[in-house]
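Take a walk through this protein, from its packed interior to its open pocket. Keep the 3D view at hand and find each residue as it comes up.

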Amino acid sequence: RSRSLSLTHTHTVALALSLSYTHTHTLSLANASLRLVHPPRQTTHHDHQELQRLALERHYACSADLSQKHGALLLCGVAREAGPAPCVALCTRTHAHTEWGWQLRGQISRPEMKIVTCVKAIAEERGCFFATGEQISSSIGAARRECVCIYDVTQTMSSSLAGAAPLAVYADHLEIVTCIAAHPTDPACFFSGSKDSTIRCWDSRVEHSVAFLGGSNAPAGAKSHAGMITCLDACGYHVISAGLDQQILLWDVRQLRQSAGIQAPAGVVPLEQQAILKIAALEGGKGMLVAVSSVKGLFLLRLSDQKVVRAQLPSNRPNFLPYHDVKWSSEGLWAAGEDRTLDLFQILPE
């Protein structure tokens, strides 16, 4: 039977740009603030409440990720006004008495950082490592490089981050890095997508890109998509990508064992006349489901038969509402709406 997404709870927030999930709490980035919403203990979905709010004094938070193993929350900060460089902020869990929450530990900010677009926890077995998409320029007037950077804050996460510098800086992408996703089976590896329409695979132990999705060894002019890549996710043995070319591509990472690239996607699902903003994949008992946020609303894709259905919203909410981010949790699908709402959807039979 087909399935659809049905709205079960709405929480009003400031404009939220990114979400993350800790197994017990849902986090949303609302401009400069971090909002913490507690999922209900029962199925009525009426007792959600904000538990904590963190503010970055001089930055808007635009992207977030969690290192579950190390209890670290990573935020990308965009300067609110001219002057400060962008930053990556680090928060850690607090357990004072019966209180639960997050404490801002510090920020990584360097003069050569011009833009920080995304952040992802990686290689958690080795320590508190994370990767970022950054635009870097070494001096005034110098050319700007579009980079993937790797940091290790294992030793400094309980103290100052002021001196933290990247372990590695990769400049293989030709245009801005838009998204990063973990490798679904190899914790040392991860993927990045870019405005240059390419997806690259990286190994945190190697000094260069180790694979290219869309061909072997990134042949000249090769592309992974026909347009800018806006989002990546990983699930099972697959990486799922989407972008402005209105297509969702499924890549089987097992092919990377035999070559330095994946020649072609294992599946292609078009979403006609709809640029895709965000995706979130979920492995179910009957195959993979993918939540898809596009410029024309929220959809649920079942990959086994490429069935696409629109999420169900109340009559007083626009069906064409864009969502800036979507994340699966044990409660269902959380979605951060353009209309300043944080919505919780559940999967229901059609």
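The paragraphs below treat the cores, a hairpin, the cysteines, the salt bridges and the largest pocket. The model is predicted.

Start with the nonpolar interior. The largest nonpolar core has 19 residues. Within this core, Leu-74, Leu-90, Ile-108, Phe-130, Tyr-151 and Val-153 touch the most other members. Five strands each give two or more residues to the core: S7 (72–79), S8 (87–94), S10 (113–122), S11 (129–136) and S12 (145–152). S10 provides the largest share, with 4 residues. Another core lies apart from this one. That second core holds 17 residues, including Cys-235, Ala-281, Met-288 and Val-292.

Next, find strand S14, residues 177–182. Is S14 enclosed or open? Of its 6 residues, 5 are buried, so the rest of the structure largely encloses the strand. S14 pairs with strand S15 (residues 189–194). The pairing is antiparallel and runs over 5 bridges. In one of these pairs, Cys-179 has Gly-193 of S15 as its bridge partner. The two strands, S14 and S15, make a hairpin, with 6 residues between them.

Now look at the cysteines. How many disulfides are there? The count is 0. Take Cys-87, which is in no disulfide. Its nearest cysteine sulfur belongs to Cys-76, and that atom is 8.3 Å away. A disulfide needs the two sulfur atoms within 2.5 Å, so this pair does not qualify. Cys-87 is buried, at 0% relative accessibility. Cys-128 is buried too, at 1%.

Turn to the charged side chains. Side chains of opposite charge can pair when their charged atoms come close. The structure holds 7 salt bridges. In one of them, Arg-205 meets Asp-203, with N and O 2.8 Å apart. Are these two partners buried or exposed? Arg-205 is exposed, with a relative accessible area of 54%. Asp-203 is buried, with 10%. Because exposed means over 50% and buried means under 20%, the two partners fall into opposite classes.

Two further bridges each join a partly exposed base to a buried acid. Arg-254 bridges to Asp-252, with the closest N and O atoms 3.0 Å apart. Arg-254 is partly exposed, at 34% relative accessible area, while Asp-252 is buried, at 13%. Lys-327 and Asp-325 meet in a salt bridge at 3.2 Å, N to O. Lys-327 counts as partly exposed, at 29% relative accessibility. Asp-325 counts as buried, at 3%. Elsewhere, salt bridges link three residues into a network: Arg-110, Glu-112 and Glu-134.

Lys-327 leads on to the largest pocket. Which residues lie nearest the centre of that pocket? They are Ala-64, Asp-65, Lys-120, Ile-180 and Lys-327. The pocket has a volume of about 1,400 Å³, and 47 residues line it. Several strands each supply at least two lining residues. Among them are S2 (16–21), S6 (59–67), S18 (229–235) and S27 (323–329). S23 (276–284) belongs to this group as well, and S23 gives the most to the lining, with 8 residues.

Two strands from earlier return here. S10, which gives 4 residues to the largest core, also supplies at least two residues of the pocket lining. So does S14, the strand with 5 of its 6 residues buried.

Technical notes:
Residues are numbered from 1 along each chain as its sequence is written. This is a predicted model: local features need pLDDT of at least 70, side-chain atom pairs count only at pLDDT 80 or more; totals for chains, interfaces and linings use all residues. Side-chain values use heavy atoms; hydrogens and water are left out. A salt bridge is a side-chain nitrogen of Lys or Arg within 4 Å of a carboxyl oxygen of Asp or Glu. Buried means under 20% relative accessible area, exposed over 50%, partly exposed in between (1.4 Å probe, protein chains only). A nonpolar core is a set of buried Ala, Val, Leu, Ile, Met, Phe, Trp, Tyr and Cys residues joined through side-chain atoms within 4.5 Å. Two strands pair if DSSP finds at least two bridges between them. On a 1 Å grid over the protein atoms alone, a cavity is a set of points where a 1.4 Å probe fits but cannot get out, and a pocket is an open set with protein on both sides within 12 Å along at least five of seven lines; lining residues have an atom within 4 Å of a point. Grid points are joined across faces, edges and corners, and a volume is the space filled by probe spheres set on the points.
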